Amino acid sequence: MSRAVSIVIPAMGDVLLLEFALASLARAQALRRGDDEILVVDDSGEGLLGPWLMEHFPTVRCIHNSENIGFARALSAGVQAAKHELVFAMNSDVRVRAGFLEPLEAALGDEKVFAAVPRILLDGREGAIESIVEVRLENFIARAAQPLLERRATDAALGKLGAVDCPLPFPIGGAFLFRRSIFQQLGGFDPAFEPFYLEDLDLGWRAWKAGLECRYVASSVVEHHHRGTIGALLPESVVLAAIERNRLLFTWKHLDDSALLEAHVRALARRVAEALVDEDRNFLSALCLALEDRLSAAAFAGARTGSSAPSWERVQRACDPRQSR
């Protein structure tokens, strides 16, 4: 029997985009007989969505933020207001397919599973699966990658990915089902990663360190019709600096192997020297932004989770989607 779910959608002022998302949910929810709820968190800062929702989708609850607070805090506000233990986080540019919730609920039947992630199809294309993610150390700085979207994704180990359930290092923030109580116990999204990017990676990594799992569920399908609001609002250089900053923050927070840390410091020194010679202001800006954050500075100085927490390499092995389970 299905459990009731709170569906939380942080949204800006694009009502056309939101209409497609809510219409897809209405079709899917028509097949369910439960006490599900849909919450839209109006993060426009201007109260743009409340009147429109009242007219077109009157059963949808609307939470109005007096100012734009960004995806992570908007989603957290919706989680706080949710009335159910199971919460499905959903971007406004996601459209769901019928029956998407039930397989995710079944995955959460295992108490070790904190988050269940559907098969997220970029623009609805069957072969373009966004959900399969991995964490790599590139020049000893962490980077999240989506191997099934890369042109070089041809090796045999990738062949079966996407067709079967598998562990994931983190749930993509735009579409995943999770336990509200565990989200709160983990402390939710770390504000150090604001205003955007990699807060979902950090959340998933902390879940693994706490002995929980994030799991890809192939039989649950949604579509991501990408329309990047961040890129439309900010210069590309600002966005890239934020990504680089948060890659550094994540690395400093979680890279706890002494040999890897030493290699990271050496690689970072070389990268800084190259950036100075090449006048790479984007990287230097990202580094300065990261160092300005007191939390990241503490992490870089060696602050870590308790000694009982699994190491970087143990977590990486456990949540590698290439490994059979």
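At 54% relative accessibility, Glu 279 sits past the 50% cut-off and so counts as exposed. In this predicted model, Glu 279 is placed in the loop between H10 and H11, and its phi is positive, near 55°, even though the residue is not a glycine. Most residues other than glycine have a negative phi.

The two helices flanking that loop also pack against each other. H10 (residues 258–278) and H11 (residues 281–292) meet at an angle of about 135°, with their axes 8 Å apart, and are therefore oblique to each other. The crossing of H10 past H11 is left-handed. On the H10 side, Leu 268, Arg 271, Val 272, Ala 275 and Leu 276 make the contact, and H11 answers with Phe 283, Leu 284 and Leu 287. Sorted by type, the residues of this contact come out as seven nonpolar, one charged and no polar.

Phe 140 is another non-glycine residue with a positive phi, about 60° here. Its spot is the loop between strands E7 (134–138) and E8 (141–145), and with 30% relative accessibility Phe 140 counts as partly exposed. A further backbone oddity turns up between Glu 194 and Pro 195, where the peptide bond is cis with omega near 15°; Pro 195 belongs to the loop between helices H6 (180–185) and H7 (199–209).

Then there is helix H2 (residues 49–56), whose buried residues are Leu 49, Trp 52 and Leu 53. Viewed down the axis of H2, they fall within an arc of 100°, so they line one face of the helix. These buried residues pack against strands E1, E2 and E3 and helix H1, while Pro 51, Met 54 and Glu 55 are exposed on the other side of H2.

Note on methods
Residues numbered from 1 in each chain as written. Predicted model: local features only at pLDDT ≥ 70, side-chain atom pairs only at ≥ 80, totals over all residues. Heavy atoms only, no water. Buried < 20%, exposed > 50% of the residue type's maximum accessible area, 1.4 Å probe, protein only. Helix = DSSP H or I, 4+ residues; strand = E, 2+ residues; numbered from the N terminus. Arc of directions from axis to C-beta. Contact = heavy atoms within 4.5 Å. Axes fitted to C-alpha atoms, helices over the stretch in contact; angles between N-to-C directions. Parallel < 35°, antiparallel > 145°, perpendicular 65-115°, else oblique. Left-handed = near helix turned anticlockwise from the far one by under 90°. Nonpolar A, V, L, I, M, F, W, Y, C, P; charged D, E, K, R; others polar.
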